[in-house]
Amino acid sequence: MAGTVSGSAGAAARPRPRGLADRLAAAAARLARDAEAEAASGRLGLWLPVVFAAGILAYFGAAQEPVLVATLALAALLWGGAALARGHRIAFALLAAAAAFASGFAVATVQTARIAHPVIVPPSAAVRLTGYVERVERRPNADRILLRVTAAEGRGLDPVPDLVRLSLRPGTAPPTGTPVAQRARLLPPLGPAAPGAHDFARAPWFEGIGAIGYGLGKPEPAAIATPPPLRVRFAAGIAQVRAALAARIRAAVGGPPGEIAVALVTGDRAGIPSAIEESMRLSGLTHVLSISGLHMAMVAGTLFALVRGLLALAPPLALGFPIKSAAAAAALAGGAFYLLLSGNDVPAQRSFLMTAVVLLGVLVGRPALNLRTVAVAAILVLALAPVSVLEPGTQMSFAATLALVAAYERVQPLRGRAPPDRFAGRILFKCAVFFAGLALTSLVAGLATAPFGALHFQRLAPYGLLANLAAMPVVSLIVMPFGLLGVLLLPFGWDAPAFAAMGAGIEAMVAISDRVAGLPGSNFRTDIVNPACAGAAALALCALCLLRGWLVALALVPAVAALAFAGAPPRADILIASDARTVAVRGSDGFLAVAGAGANRIAVAQWLAREGDARAADAPDLAVGFVCDRLGCAAPLPGGGRLALSRRVEGLEADCLEADIVVTPRPAPLRCPARVFSPDALARSGAVALFRSDGGWRVVPARPEGVARPWMAPRPDRPAEPAGRASDPARDAAQ
């Protein structure tokens, strides 16, 4: 009996098998505890930049310009509600998130209102512009200048733009600050090359550029009564310093390595051969060529270590002076100088601002780099330039920084391991730590930025980890440190040896890039990442980096959504550029055949890239599928029929009778049985994509009806139907 009772008690003591409901309840309880701990720690504030950026994206997705007063009032109201709800955790979190979203929306609206200027509808004839050269960009195929206009002559140029960007023949651009007069042909704003493509008109508008065009002949010296503005004089002084420094670098390092050295120090990439740029792109090292957070961090970090080390050599200073703060101040000043020296472009400004936040934290005794630092930097960058949220550089920079800081926070316990006692062991240990850190950095940054690279450039670098593991030690230990040393030694005349060492490191880097770029499959193209997929991947990255404990598992939800959203978008059967001079038709092999590519290579490059097509815009086989003569080109349409690109008036009437679709830069005949796309018809819609359906052709415009933003050209009025012209519903829909 006793044995029976004892056995029953033992059976009762054993835990019963847990069912699915019990497991789910336990997981929910664990998630609730982790969420409570997360809220108590204040880490939910790290999500404010994410919501702030979402508000900015919502602003740019609006069809019409919001009312400024309404956006500011909504943001103020929500922040007031959040302040009143501080005693209620859930209500406060929800209201703070809504307020951050509304603030992003409002900040973008304020920036647009602050820099508002009209979009110039250029005259058809040439104009004569007089002004000061504010910026010069020298490129292999053309020079480009930014002209601060003081006077303009030409019919129909009203109003006169303050800033005009002009392309000139290579080698003809005058120095920055020069007063010039230039005959030019201004072009209409270049919008998206296809529905959903990048809007080329947006970035110049936000830079204050009122018109874009190309010069006719060489710039002529001009006498301007008013002195140049302060910003022009300052830009001219910086340009002289950059030119002198570039000359010293080229004297010490010849050939392509010298041009890369000039690009890394001064930001001038005009002399880099296109073959090297393509090699770096294929190998995943193209980030080395553009001034970014990598370069700013290396310059500031090297200066910080150098100044701190020199001050530490003096015991009185080391013991009684805050040498760490002094080193941070010197690094901050050096970073600011490098920003000006490298051209002060937007990516460099963003990189300097992020570095400055870190260094200011050191100055006030805060941790140098953590997730809160990244959050503050993100808010500052987006508040100062909301439009940058749409730029690939901003998205990839913050994705890489967020992922790296979070990863190094997670592996921090491993970094505390003591090295071996023996000297050889310590050396091996430090080398292993260095290369392990380099591998982790390359892997984490590559994975974090891959969705954005695929979204914007339709490229992935499959050997990026290999290339970075091989090349970044050279860049980190030789190229950038000796480049900085050369700049510091330049006033004393000892810069040549340092720049020569920098050139040797660049040669090794290029050799590594060429070797990796030559591996099979290095030119990997893909079009499966769309905005929805990239957005879900970004949300998954944020959840993975910002959440802790079991809450990290929530990252699986957007990650699965990203996989579900991935996939090639529907491919148009016909693409027509907005000037009606370039057209693409999908062939029976599934690839685009393009006629008139030389008239609009920017649009053609966009068309090909968005489909993951590796061909260049000047590839000789692009027009395969078209039959061309002096009057125009024609190609068969998918599913039957014929398209004609009519270039001359004398062939237009025949094309109307023989083709189903006619694309022409000329006015269409009054009676044309074909569906006609001309500049008049495309002036309202921009470029168009045509999809074949059972009911005929579905036209998708790059600029839908009802969409009007300040950086878009004003829509022309619908042309009146000429008397005697036959009504055609299909043609009317195209217009």
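Here is a short chat about how some labels in this predicted model are earned.

Reader: What should I know before we start?
Author: This is a predicted model, where local features need pLDDT of at least 70, side-chain atom pairs count only at pLDDT 80 or more, and totals for chains, interfaces and linings use all residues. Residues are numbered from 1 along each chain as its sequence is written, and side-chain values use heavy atoms, leaving out hydrogens and water.

Reader: Why is proline 227 called exposed?
Author: Exposed means over 50% relative accessible area, with a 1.4 Å probe and protein chains only. Proline 227 has 62%, so the label fits. You'll find proline 227 in the loop between strand 6 (220-221) and helix 7 (230-252); helices are DSSP runs of H or I with at least four residues, strands runs of E with at least two, numbered from the N terminus.

Reader: And what makes leucine 313 exposed?
Author: Its relative accessible area is 66%, so leucine 313 passes that cut-off too. Leucine 313 sits in the loop between helix 10 (293-312) and helix 11 (315-320).

Reader: How do you know that strand 15 and strand 16 pair?
Author: Two strands pair if DSSP finds at least two bridges between them. Strand 15 (residues 661-663) and strand 16 are joined by three bridges, so they pair, and they run parallel. One bridge links valine 663 to phenylalanine 677 in strand 16.

Reader: Which sheet do they belong to, and what makes strand 12 an edge strand?
Author: The sheet is open, with five strands in the order 12-13-14-15-16 and mixed pairing. Strand 12 (627-629) and strand 16 (675-677) are its edge strands: each pairs on one side only.

Definitions and conventions
Buried means under 20% relative accessible area, exposed over 50%, partly exposed in between (1.4 Å probe, protein chains only).
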